[in-house]
Amino acid sequence: MIRILFLSLVSLMLLSSCSEKREFSDWRGPDRNGIYPDTGLLKEWPEEGPELLWSYEGLGHGHNTVAVANNMVYVTGVKDSTQAMGSLFAFDLKGNMLWKKEYGRDFTDNFIGTRSTPVVVDEHIYLESGAGAVYCLNALNGTEVWSKDFIQDFGVDTIIQFGYAESVLIDGDHLICVPGGKENNVVALNRFTGEKVWASAGYGEQATYNSPILIEVETQRLVIAMTSGSVMGIDAASGEMYWQIEQTQRNKIHANTPLYADGMLVVSSADPTSTSGLVQIELLDEGRDARVVWRYKKFRNLLGGLVKIDSCIYGSTAMGKDWQVISWNTGEMLVQNKELGGGSIIHADGLFYCYSEREGEVALVDASPEKFEVVSKFEVPLGSDQHWARPVIHQGVLYIRHGDALMVYNIKAS
């Protein structure tokens, strides 16, 4: 009898834990820092690259990457530059298309294609169009739940030059985005209804292209967001702006998501001006104040992103062959490698995955404060135009998007 009761209790606990399992897929991994939790991955690839599990051509134009949740792979694209309608594709994990839904107009002016990587929370999927609108769709069938337009609903004057590219930030029941309006510079919406919860006014600056992050400094929860000339610290509960630090770029491009660790932020932009480059910001008074600690102006990372592992920052400068390992504490360059074309970077299971934006090479890299060594690399075989989409790793599978093509590789060690 005791054994039966024990087994019944275990079964109930297992059912409860399964029912509470949360489906979640976010920009640059679960913590928005480019670090993926997968383990048991290959430490070296065959000369031709890892096994290609499946591929799909026909997504249309796009520079964003995939979201993986609900046993589905989600990605968006723009097929027709005339109608400019964006479509959300849903595949199963074997590459079979389950459904495709048009959600609205996307971006076709400069570098045609979708920008925002979808964010998935359970049965909801959230995406932002390059044309300046946020959509909440049913993640199981693509049906629209609600949408908000930046011009009509938030008073934005004009769409930014290269189109909105942020992936929206989820904070509990709130969705946070950066329209860049005078009164609605940064806004929090109820993620289930789209109703505005709070709005943070700005300084008349346009939005830019990066995605905000949510951090905790002691007891204070902050949204770290950027506009075309500023880094801002905003109270996550009320929208009150606590501080603003100037960060400029000649084309008003800030496409890199900030990094945060131990009371310090690092932001990267691609101009050699006195208020740009790579900058570290210390947060004071539980995040209610901030000051610049150091700037490294020679490091000009435009949109490839950065990864922090232990006491170092890893990333590349824009366009050229220049990968660097930089001290988090001082901003000093420790290691430089000019073997691989610059691009985007993520990390998993002790190694870095670098995707060259010019050559279209994907490289497996072993790097530390003492070295930056390319272990293996292969050329992306499908797609066209710019190699700007970031790699994604999920359950031992590497996802690479290039233009209208998606390629899915097995990188498990066994």
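Here are some short exercises on strands and nonpolar cores in a predicted model, each with a worked solution.

Residues are numbered from 1 along each chain as its sequence is written, and side-chain values use heavy atoms, with hydrogens and water left out. Because the model is predicted, local features need pLDDT of at least 70 and side-chain atom pairs count only at pLDDT 80 or more, while totals for chains, interfaces and linings use all residues.

**Exercise 1. Work out which strands lie at the edges of the open five-stranded sheet.**

Step one: fix the terms. Strands are DSSP runs of E with at least two residues, numbered from the N terminus, and two strands pair if DSSP finds at least two bridges between them.

Step two: read the order, β1-β8-β9-β10-β11, with antiparallel pairing.

Step three: look for strands that pair on one side only; these edge strands are β1 (24–25) and β11 (144–149).

Step four: check one pairing. β10 (residues 133–138) joins β11 through five bridges in the antiparallel sense, and cysteine 136 has tryptophan 146 of β11 as its bridge partner.

**Exercise 2. Follow β21 (residues 264–268) and find out which strands pair with it.**

Step one: start with β20 (residues 259–261), which pairs with β21 in the antiparallel sense over three bridges. Here tyrosine 260 stands opposite leucine 265.

Step two: inspect the link. The two strands make a hairpin with two residues between them, and aspartate 262 in the turn has a positive phi of about 50°.

Step three: turn to β22 (residues 278–284), antiparallel to β21 over five bridges. Serine 268 faces leucine 278 in this pairing.

Step four: sort the side chains. In a regular strand they alternate between the two faces of the sheet. In β21, Met264, Val266 and Ser268 point one way and Leu265 and Val267 the other, and all are buried (under 20% relative accessible area, 1.4 Å probe, protein chains only).

**Exercise 3. Describe the largest nonpolar core and say which residues touch the most other members.**

Step one: define the set. A nonpolar core joins buried Ala, Val, Leu, Ile, Met, Phe, Trp, Tyr and Cys residues through side-chain atoms within 4.5 Å.

Step two: pick out the residues. The core has 32 of them, and Tyr353, Ile393 and Tyr399 touch the most other members.

Step three: trace the sources. Elements giving two or more residues include β5 (72–78) and β33 (397–402); β34 gives the largest share, five residues.

Step four: zoom in. Beyond neighbours within four places in sequence, the contacts of tyrosine 399 (heavy atoms within 4.5 Å) include Trp54, Val73, Arg390 and Leu406.

How values were computed. Helices (H or I, at least four residues) and strands (E, at least two) are DSSP runs, numbered from the N terminus. Buried means under 20% relative accessible area, exposed over 50%, partly exposed in between (1.4 Å probe, protein chains only).
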